[in-house]
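User: I would like a close look at one part of this model. Please focus on the pockets and cavities.

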Amino acid sequence: MSTSTTGLFSMRPRLSPVAIVNMCVGFFGIQIGFGLQNANTSRIFQTLGAEVDSLAILWIAAPLTGLLVQPLIGHLSDRTWGRLGRRRPYFLVGAILTTLALIAMPNAPSLWFAAAMLWIMDASINITMEPFRAFVGDNLNEDQRTAGYAMQSVFIGAGAVFASILPWLLSNVFHVASTAPEGVVPDSVRISFYVGAAALLTAVLWTVFTTKEYSPDQIAAFEGPAADDEHAASGRPVRAWIGGGLIWLIVGALGVAGVFAWGVEKELYVLFGGLAAFGLLQIAVGLIRQANASNGLSEIMGDIFAMPATMRDLAVVQFFSWFALFAMWIYTTPAVTAVHFGALSPTDPAYGRGADWVGVLMGVYNGVAALAAFLIPILAKRTGKRGAHAINLVLGGLGLIGIFLIRDPSLLWLPMIGVGCAWASIVSMPYAILSSAVPGRKMGVYMGVFNIFIVVPQLVAATLLGLILKSVFGGQAIWALVIGGVSFFIAAASALRVKEIKS
């Protein structure tokens, strides 16, 4: 890659459409992994004996893993440079680990083994995925970034379609069994995971070997002199780190004690434990700063507290968007199989038909997302990025509530159109907005930190949704989708308040 110099620093050259496509092909593979996970994990858990109200806590491994892995990988990839470049070594390692986890997951002999495989799979996907977000920001100039993230959405949608319909295709076209004895994952699901593993590895390898990266010196030239306030959080007083950390720790500890004393749902241990852990991290940073030292933890935490205002605004949007998505991913299978197909248990043949149909519905919304991604840049030019995002989030809310209102399963593809529009926007527009608001030298770590605002709502959903359904809605999974729809509406209203930086 060459650079052209203008003024005091270089400008990223425009890349060809083929180069942008090659950059994004790997996301096709990543989303195959996520698609198989999202459409089939609850099915595997229920097959291995999980009750509906325990599904959320079993899913907790995925967001917890992302919370830990993505900021760390972002921080490390900002500082990596070798024969494969800056981000691509992480693409490769994560893809190999994800492939192995996909092969192991459907062969889980027990429920807890399956939960452990979900944890490993999600960690591996996060190792690959996080640098892909920064990859676009690294390589594209500002006026191409919206198109770059939209192209990622195209491949995300295509990969998810491929993954979501695999079990249905295998059982309905190739006549592979979609039911199995109690406690055994059906062949249609197992073979889907094997095919997905091969496709994921192939797609990521394509990006690794067909793309190049700018060197650290070139990135520095693009960004110009470092901003004086880039490390503003390093000036945060030690007493603020330790005092603030103590407050978080005390609140978390009191919450854990309350859960234990009153015997409420165990899922709340995770929520309050997370608050306490965040407090401990702040105290640790305070002690590191007190010793006039610095390390990866103190730098990442400093970046969190020094995040730009645009990023803080987007955090609210992300919270409600991903709360809605997590509600959908966890509860669509039990909701549709119970309400629309009348299945009484995972061994009921109606459950298999319903679960396969959910896979098709997941394919529909991802297919819509792949197409909508081409229209989002056009809509953004007319309404602004935040306006386009708000419109699509409203469509997503209408879609989730539509699943509740429509009782004919053959018509459930209609509300998935709205969900697909929302999904296309969620995986592109926030990143396009964010990439213009953060320093390029820290693109990786800020994209990783941004994942916190994806993970926290998933943790809240995983800890509270099961409790809410059990306590308020008699354990009926369909109401989780209504709650998700309302959450999308709140996210849309919040999107209009984001401070958008014009490129």
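Which helix supplies the largest share of the lining of the largest pocket, and how many residues does that helix give?

Analyst: The helix is α10, with 8 residues of that lining. This is a predicted model. α10 spans 267-290.

Start with the pocket itself. The largest pocket has a volume of about 980 Å³. Its lining counts 31 residues. Nearest the centre lie L67, G274, F278, I452 and V456.

Now the helices around the largest pocket. Besides α10, at least two lining residues each come from α3 (61-78), α11 (296-305), α12 (309-340) and α18 (452-472). The numbering places L67 within the α3 range, and G274 and F278 within that of α10. I452 and V456 fall in the α18 range.

The chemistry of this lining splits by class into 26 nonpolar, 4 polar and 1 charged residues. Of the five central residues, L67, F278, I452 and V456 count as nonpolar, while G274 counts as polar.

Next, the second largest pocket. Its volume is about 550 Å³. A total of 33 residues line this pocket. Q46, L344, S345, P346 and Y351 lie nearest its centre. Here α1, α12 and α13 each supply at least two lining residues. α12 gives the most, with 5 residues. α12 thus serves both pockets: it also supplies at least two residues to the lining of the largest one. By class, the lining of the second largest pocket holds 17 nonpolar, 12 polar and 4 charged residues.

The enclosed spaces come last. The structure holds 2 cavities of 30 Å³ or more. The second largest cavity has a volume of about 40 Å³. Its lining consists of Q31, G35, N38, A39, A160, S164, M362, Y365 and N366. α1 (17-47), α6 (142-172) and α13 (349-383) each provide at least two of these residues. α1 contributes the most, with 4 residues. By number, Q31, G35, N38 and A39 sit in the α1 range. A160 and S164 belong to the α6 range. M362, Y365 and N366 fall within α13. This lining has 4 nonpolar and 5 polar residues, and no charged ones.

Two helices link this cavity to the second largest pocket. α1 and α13 each supply at least two residues to the lining of that pocket, and each does so for the second largest cavity. In the pocket, Q46 has a number within the α1 range, and Y351 within that of α13.

Key
Residues numbered from 1 in each chain as written. Predicted model: local features only at pLDDT ≥ 70, side-chain atom pairs only at ≥ 80, totals over all residues. Heavy atoms only, no water. 1 Å grid on protein atoms, 1.4 Å probe; cavity = no way out; pocket = protein on both sides within 12 Å on 5 of 7 lines; lining within 4 Å. Points joined across faces, edges and corners; volume = space filled by probe spheres on them.
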